[in-house]
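Open the model in your viewer and keep the selection panel at hand. Each stop below says what to select and what to look for there.

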Amino acid sequence: MLTIYLVIKKRDSFIGLKPLKPKELKYTIINLGASFIKLAQVLATRADFFSQEYLDELKELHDKLPSMNKEDFEIVYNRAFKNSSFKNFDTNPIASASIGQVHIAFLENNKKVAVKLRREGIKQRVIADIKIINFFNFIFKPLFSYYTKNSIEAVIKEFSSMIKEEVSLSNELQNLKKFSKTYKNSNIKFPLPYEDLCSDDALVMSFEEGFRFDDKNNILKNNIDFKEIISILINFYTEQMLIKGYFHADPHPGNLLITKDNQIILLDFGMVKTVPNNTRIAIIELIKAANEQDYESYINASKKLGTIAYEAPTSQLAEFTSKMFEIFSNNNLNSESMQKLAFEVLESTRDLPFKLPSDAIYIIRVSAIIEGLGTTYIENFNGIKDILPILKDNLPKALGSKDSFIETIIDEFKDIPFTIKDFKSTIKKASEGELKVEISNNQLDYLRKEVTKTLKSYFLSISLMLGSIILLLIDKDYQQISVGLFIFSIIRILYK
């Protein structure tokens, strides 16, 4: 963590400690295990944070990890394919990631396929990693503020849940099938699975060819229009997160291939998430407010999303947001200057109650990865000046608009009977005194925190009161101390 902090902040040392060299950092992460590799993969896309030598090493965490040894490979292969299923199978993997490794094989009909094999014992190792992460969280939890503590627990809970699902290749098969069906008209290509050869240990798919998203040399050499590619990718993720609410949560460069005719191929469906409707609506409101530069509405939408606490000062955060937008939309600043100014502004918000709810974790992760991919090819690429305009163009569709005005009007007319029914129901409940007010999760969280704080205070005062009485019963010589404690506890209650 110290190395990552120093590299991002571009500092040579901290109290005499220097950052690890690129290779040392990579091997340290590999030795920590699959769960830590997954967390580090996001960093491997950030050309604006890391120098090229660090990026070259970190991007190997996507699909160039050490492969299984021969003994483990044979155990997994024989368990997955009890009968001879292939005309030819290359035992040397073409890609090796944290959960599994990919091999080229040929079926009896000479069809070329990609075979993903799950690492032997990976499920047990992931469970062990999660226990280690939870142990460190338990040890260091008292050092964090209420909201930081909750955010860390949300990250660990969501990450633990997702990585447990990811180690099941049967689960990935179902994700691939559903994703291919949901987004069949998205201008994105997906592998074709061979279900009869798939199991929890193996996923057999059509072999797809293209250049890795971060293969800058080949993409530029083949005159591939990267601006068109990033636009297609952002439009695709807008549809996933804001319209369909079902999204691929792991779009790192190893999972994205680009063909010579500008088509994107999406691989690896182990991390697929559903966006709850209230989260989807909050993101839409966030984008709308950002586009209109309505910073107070932006903060209110962030509160609905849950990334800012309910009681956080709206005006102060609106001012902070305005400054950040100004920095990141300035075409005259390079990425290093942007970072420097952004970190300076962030210092002023150090004590404000920011949060990281479970619903937002993978949305933020995906946003960071896509923004990182953009920095590979476009100087000063960032979410405000490059991604926001594309998101803005998708807002009407995200809000339910049809392709034509007539279709929209027809849909509105269809909804009229339901609107009238809801209105009548509301009037009836109001007249009968049964109207209810809903409180958001954010407000409940605030109330829970305040009630807990108040109860703790009263508990301490009542404990002191009881302690003073017990002390008096034990020995009357402690009368003065007992009276003092009793008066002090009364004062604590009265002036709380």
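Start with a helix pair: select Ile287, Ala290 and Asn291 in α12, which meet Leu388, Leu391 and Lys392 in α17. By class, this contact of α12 with α17 is made of four nonpolar residues, one polar and one charged. Now show the two helices whole, residues 277–291 for α12 and residues 383–393 for α17. Their axes come within 10 Å and cross at roughly 115 degrees. The crossing of α12 past α17 is left-handed.

Before moving on, note that this is a predicted model. Zoom out to the full chain, which has 21 helices and eleven strands. Of its 496 residues, 43% count as buried. Among the contacts in the chain with a separation of 6 or more, 65% are between residues 24 or more positions apart.

**Val345 and its neighbours**

Next, select Val345, which is found in helix α15, residues 335–347. Is Val345 buried or exposed? Its relative accessible area is 14%, and the limit for buried is under 20%, so Val345 counts as buried. Leaving aside residues up to four places away in sequence, Val345 touches Phe320, Lys323, Met324 and Ile327. Add Phe320 to the selection: Val345 and Phe320 are 25 residues apart along the chain, and their C-alpha atoms are separated by 7.2 Å.

**Strand β3 and its partners**

Select residues 100–106, which make up strand β3. Six of the seven residues of β3 are buried, so the strand is mostly covered. Strands of a sheet pair through backbone hydrogen bonds, either parallel or antiparallel.

Take the partners of β3 in turn:

- Strand β1, residues 88–89, pairs with β3 in the antiparallel sense over two bridges. Asn88 has Phe106 in β3 as its bridge partner.
- Strand β2, residues 95–96, runs antiparallel to β3 and is joined to it by two bridges. Here Ser96 stands opposite Gln101 in β3. A hairpin leads from β2 to β3 through three residues.
- Strand β4, residues 112–118, runs antiparallel to β3, with seven bridges between them. His103 stands opposite Val115 in β4.

Which residue of the hairpin of β3 and β4 takes a positive phi? Select Asn110, where phi is near 70 degrees; this hairpin has five residues between the strands.

Keep β4 on screen and add strand β6, residues 202–206. Five bridges join β4 to β6, and the two run antiparallel. Val115, already met opposite His103, has Val204 as its bridge partner in β6. Five of the five residues of β6 are buried, so the strand is largely enclosed by the rest of the structure.

**Aromatic rings**

Colour the aromatic residues: a search of the whole structure finds 18 aromatic pairs. One of them is formed by Phe179 and Tyr183, whose ring centres are 4.8 Å apart. The planes of these two rings stand at 45 degrees, so the pair is tilted. Phe179 is buried, with a relative accessible area of 0%. Tyr183 counts as buried too, at 1% relative accessibility. Widen the selection to Phe190, Phe236, Tyr237, Tyr246 and Phe269, which ring pairs link with Phe179 and Tyr183 into a cluster.

**An open sheet and a helix on it**

For the last stop, select the four strands that form an open sheet in the order β5-β10-β9-β7, with mixed pairing. Which strands stand at the edges? They are β5 (188–189) and β7 (211–212), each with a single partner strand, so one side of each is left without a neighbour in the sheet. Select β9, residues 256–258, and β10, residues 264–266, which run antiparallel and are joined by three bridges. Leu256 stands opposite Leu266 in β10.

Finally, show helix α11, residues 226–244, which packs on this sheet and touches β5, β9 and β10. The direction of α11 makes about 45 degrees with that of β10.

Key: Residues are numbered from 1 along each chain as its sequence is written. This is a predicted model: local features need pLDDT of at least 70, side-chain atom pairs count only at pLDDT 80 or more; totals for chains, interfaces and linings use all residues. Side-chain values use heavy atoms; hydrogens and water are left out. Buried means under 20% relative accessible area, exposed over 50%, partly exposed in between (1.4 Å probe, protein chains only). Two strands pair if DSSP finds at least two bridges between them. Contact means heavy atoms within 4.5 Å. Axes are lines fitted to C-alpha atoms, for helices over the stretch in contact, and angles run from 0 to 180 degrees between N-to-C directions. A crossing is left-handed if the near helix is turned anticlockwise from the far one by less than a right angle, and right-handed if clockwise. Ala, Val, Leu, Ile, Met, Phe, Trp, Tyr, Cys and Pro count as nonpolar, Asp, Glu, Lys and Arg as charged, and the others, Gly among them, as polar. Rings of Phe, Tyr and Trp (its six-membered ring) pair if their centres lie within 6.5 Å; planes under 30 degrees apart count as stacked, over 60 as edge-to-face and the rest as tilted.
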